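This report looks at one buried acidic residue, the nonpolar cores and the cysteines of the model shown below.

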Amino acid sequence: MRALELKIPPPVIALLCAALMWAMARYWPSPAWAGSWRLPLTLLLVALGGAADLAGLLAFRRHRTTVNPLAPQNSSTVVQDGIYRYSRNPMYLGMALLLTAWAVWLAQPACLLVLPLFVAYITRFQILPEERILLARFGAPYQDYLRRVRRWL
């Protein structure tokens, strides 16, 4: 299974999950959600997801470290401030929130089944390998960060 580690960019995984959700909403008959709450909830989730993504990206830029998720070995520092005080992976969290917004917008409850799939894939094939590499690169300071801050939220 290591063959998939750090191979597919997380945004590509998110887009594949979004496409799967679209197909499910289109072809899987089940009761759809209705109601005026869908648009406001979708917009809220998009705002939260976009903010988490942007905050993570800006923190990496501010610290002049790589944002390339396929090359964590090129990291120059462990970013621990800003949004990284609350989540070790705010960009992946942002993607999960955007997928949640998509599921709400599609109004198909079954689409929510894709979210655990996204989280499991990103955790196993992206986050765990990143953590292994960063621990080897940064040692005790990174180990302390792992103890203090949760992986997702």
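## A buried glutamate

Which side chain of opposite charge is nearest to glutamate 130, and how far away is it? The model is a predicted one, in which local features need pLDDT of at least 70 and side-chain atom pairs count only at pLDDT 80 or more, while totals for chains, interfaces and linings use all residues. Residues are numbered from 1 along each chain as its sequence is written, and side-chain values use heavy atoms, with hydrogens and water left out.

The nearest such side chain is that of arginine 88, 8.5 Å away, and glutamate 130 has no salt bridge although it is buried. Buried here means under 20% relative accessible area with a 1.4 Å probe, protein chains only, and a salt bridge needs a side-chain nitrogen of Lys or Arg within 4 Å of a carboxyl oxygen of Asp or Glu. The side chain of glutamate 130 does make a polar contact of 2.5 Å with that of tyrosine 92, the term denoting a pair of N or O atoms within 3.5 Å, one able to donate a hydrogen and the other to accept it.

## Nonpolar cores

The largest nonpolar core (buried nonpolar residues joined through side-chain atoms within 4.5 Å) has 23 residues, and Phe118, Ile122 and Trp152 are among those with the most contacts inside it. Apart from it lies another core of 12 residues, including Val78 and Tyr84.

## Cysteines

The whole structure contains 0 disulfides, a disulfide being a pair of cysteine sulfur atoms within 2.5 Å. The sulfur of cysteine 17 lies 11 Å from the closest cysteine sulfur, that of cysteine 111, which is too far for a bond. Cysteine 17 is buried at 7% relative accessible area, and cysteine 111 is buried at 0%.

Technical notes
Buried means under 20% relative accessible area, exposed over 50%, partly exposed in between (1.4 Å probe, protein chains only). Lys and Arg count as positive and Asp and Glu as negative; His and the chain ends are not counted.
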